[in-house]
Amino acid sequence: MALDTRSIYITALKNTHALEMQALQIMERQIERLERYPEMEEALRRHVEETHAQRQRLEEALGSLSESPSTIKEGILGFVGNMMALGHTPAQDEILKNTYANHAFENFEIAAYESLLAIAEAAGQGGHTSSFQQSRREEQAMASRAHDLTRPTTRRSVELTAAGEKADR
Ligand SMILES: [Fe+2]
């Protein structure tokens, strides 16, 4: 069955919106649990703010096409979602699993925006290109922040564990 490019674009907008809603859940859950990793907590808090703006950009694009975000909570994350779920299992290395998962998740989002931009172009829908480029830049910044936090977070985890202190989150 052939679909017109406008429908393909609308589906991509809805999927990306569902992705951002999952992002918010994942980050808020971590923020609630984090106790001993203030740098990670701060990075997540800042990115939650950005993610709300990203969600709004997608809602505006949908609204401009007389569409609204899907109310069905699509699980579009697949294996990344499984990886994220690992971080919710209480474990001594919870912080490490979340660190890896955050890194993976932000890179997943970069790909999602790159794809969305290509679909918008194919559909001749250039109206929101610059706002999605802005979202993609924010994902890139958060991906590199997640990368840069990997070593200090791991070192702190090792230090706390070696000192017999609470190190898991
Ligand atoms: Fe993100």
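Let's start inside the protein, with E109. Its relative accessibility is 0%, so E109 counts as buried. Keep in mind that this is a predicted model.

E139 reads likewise. At 0% relative accessibility, E139 is buried.

Now, what do these two residues do here? E109 and E139 are among the protein donors of the iron ion. The full set is H47, through NE2, and E106, E109 and E139, each through OE. These donors lie 2.0 to 2.2 Å from the iron ion.

What arrangement do the donor atoms make? The angles they subtend run from 81 to 163°. A tetrahedral site would need all angles between 85 and 135 degrees. With 4 donor atoms and that spread of angles, the arrangement is irregular.

Next, the sequence spacing. The donor residues follow the pattern H-x58-E-x2-E-x29-E. E109 sits in helix α4, residues 94-122, and E139 sits in helix α5, residues 129-162. The two are 30 residues apart in sequence, so the pair ties those parts together.

On to the aromatic rings. How many aromatic pairs are there? The count is 1. The partners are Y113 and F132. Their ring centres are 6.4 Å apart, with 40° between the planes, and the pair is tilted. Y113 belongs to helix α4 and F132 to helix α5. They are 19 residues apart, and the pair links distant parts of the chain. Buried or exposed? Both Y113 and F132 are buried.

So helices α4 and α5 come up twice. E109 and E139 connect them at the iron ion. Y113 and F132 connect them through their rings.

One more ring to point out. R156 lies over the face of Y37. The distance to the ring centre is 5.8 Å.

Now the charged pairs. How many salt bridges are there? The count comes to 12. I'll show a few.

Take E67 and K14. Their closest N and O atoms are 3.4 Å apart. E67 is in the loop between α2, residues 38-64, and α3, residues 79-86. K14 is in helix α1, residues 5-33. With their positions 53 residues apart in sequence, this pair links distant parts of the chain. E67 has 27% relative accessibility, so it counts as partly exposed. K14 is at 22%, and it also counts as partly exposed.

Then there are two bridges within helix α2. E41 meets R45 at 2.8 Å, N to O. These two are 4 residues apart, about one turn of the helix. E41 is buried, with a relative accessible area of 18%. R45 is partly exposed, at 41%.

The other bridge joins E42 and R46, at 3.6 Å, N to O. E42 and R46 are also 4 residues apart in helix α2, so about one helical turn separates them. E42 is partly exposed, at 40% relative accessible area. R46 is partly exposed too, at 46%.

There is also a network. Salt bridges link E35, K166, D168 and R169.

Last, an annotation. Which residues does the UniProt "coiled-coil region" cover? The unreviewed entry gives residues 41-68. In the model, that span is 86% helix and 0% strand. Its end C-alpha atoms lie 32 Å apart.

To recap: four protein donors hold positions around the iron ion, in an irregular arrangement. One aromatic pair, Y113 with F132, is tilted and buried. And the salt bridges come to 12.

How values were computed. Residues are numbered from 1 along each chain as its sequence is written. This is a predicted model: local features need pLDDT of at least 70, side-chain atom pairs count only at pLDDT 80 or more; totals for chains, interfaces and linings use all residues. Side-chain values use heavy atoms; hydrogens and water are left out. Donors are N, O and S atoms within 2.8 Å of the metal (3.2 Å for Na, K and Ca); water is not among the atoms, so sites may look incomplete. Four donors count as tetrahedral if all angles lie between 85 and 135 degrees; four count as square planar and six as octahedral if opposite donors are over 155 degrees apart and all others between 65 and 115; anything else is irregular. Buried means under 20% relative accessible area, exposed over 50%, partly exposed in between (1.4 Å probe, protein chains only). Rings of Phe, Tyr and Trp (its six-membered ring) pair if their centres lie within 6.5 Å; planes under 30 degrees apart count as stacked, over 60 as edge-to-face and the rest as tilted. A charge sits over a ring if NZ of Lys or CZ of Arg is within 6 Å of the ring centre and within 35 degrees of the ring normal. UniProt positions are given in the numbering used here, feature names are shortened, and annotations may be inferred rather than shown by experiment. A salt bridge is a side-chain nitrogen of Lys or Arg within 4 Å of a carboxyl oxygen of Asp or Glu.
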